[in-house]
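User: I would like a close look at a single part of this protein, set in the context of what surrounds it.

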Amino acid sequence: MIRACRTVPRRRVARTLLAGGLLLTLLTAGCGVRPSDVITGRSAVSGPSAGTGLYLISHGQLTLVLRGTKPGLAPSSPADTLALLAAGPTPSERKAGLSSEVPSDAAPAKVAPSVDEPGITVTMPGAVLPLSTVAANQIICTVVFAMPERSATPVTLVGPDGTRPPWPCPLE
């Protein structure tokens, strides 16, 4: 019986050493990723974004969409950008799940600094009072993004049916 007692602890020690050796082998082997030298890339992109910024709707939320433009064909004013928004999403934007609540009669519009108070006034040919909050925010954010100096400027929407009070883009 004395011999049997001595062999059991040796087996446990042998198993423990074997398991530890396997664990050490796995840890030192890693995942097959070999070390390499530093890989450098290009510098980060900086400066203004390329394209025309429009606020469309994705999953019920306002989403900035940059439409690529050809050199010399970019909208020349916030009013031109608003005309693009009023035209609605392109077929590829619709396919990507983007939509708009801005009516087509939102353009042509006049965009000018407000006379009586700070901000921007957008005078539209269509009614502004029945616009949904989302549609109004699409217009406001698109105009603010199209301005040469972007800021939390309030935008007043004016139409033949009345005036909506000045409102900043909720995303700025």
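Is Gly53 buried or exposed? Please start from that residue and work outwards to the helices and the core.

Analyst: The model is a predicted one, and in it Gly53 has a relative accessibility of 5%, so it counts as buried, given that the cut-off for that class is under 20%. The residue lies in strand S1, and, leaving out residues up to four places away in sequence, it touches Leu64, Val65 and Leu66 as well as Thr81, Thr142 and Phe145. Strand S2 spans 61-67, helix H2 spans 78-86 and helix H4 spans 133-146, which gives a frame for placing those partners along the chain. Val143 stands 90 residues from Gly53 in sequence, yet the two C-alpha atoms are 9.2 Å apart in space.

The pairing of H2 with H4 deserves a description of its own. The axes of these two helices come within 9 Å and cross at roughly 140°; H2 and H4 are therefore oblique to each other, and their crossing is right-handed. On the H2 side the meeting residues are Pro78, Thr81, Leu82 and Leu85, while H4 brings Gln138, Ile139, Thr142, Val143 and Ala146. Sorted by class, this contact holds 6 nonpolar and 3 polar residues, with no charged ones. Thr81 and Thr142, which take part in this helix contact, also appear among the residues that Gly53 touches.

From there the view widens to the largest nonpolar core, which has 28 residues, with Val122, Met124, Ile139 and Leu157 making the most contacts inside it. Two or more residues each are given to this core by strands S1, S2, S4 and S5 and by helices H2 and H4, and the largest share, 8 residues, comes from H4. Ile139 thus belongs to the residues with the most contacts inside the core and also to the H4 side of the contact with H2. Leu157, once its neighbours within four places in sequence are set aside, is in contact with Val122, Met124, Val128, Leu131, Ala136, Ile139 and Ile140, and with Gly162, Thr163 and Arg164.

As for the whole protein, its secondary structure comes to 4 helices and 6 strands, arranged along the sequence as α-β-β-α-α-β-β-α-β-β. Of its 172 residues, 29% count as buried, and of the contacts between residues at least 6 apart in sequence, 57% join residues at least 24 apart.

Terms used: Residues numbered from 1 in each chain as written. Predicted model: local features only at pLDDT ≥ 70, side-chain atom pairs only at ≥ 80, totals over all residues. Heavy atoms only, no water. Core = buried A, V, L, I, M, F, W, Y, C linked by side-chain atoms within 4.5 Å. Buried < 20%, exposed > 50% of the residue type's maximum accessible area, 1.4 Å probe, protein only. Contact = heavy atoms within 4.5 Å. Axes fitted to C-alpha atoms, helices over the stretch in contact; angles between N-to-C directions. Parallel < 35°, antiparallel > 145°, perpendicular 65-115°, else oblique. Left-handed = near helix turned anticlockwise from the far one by under 90°. Nonpolar A, V, L, I, M, F, W, Y, C, P; charged D, E, K, R; others polar.
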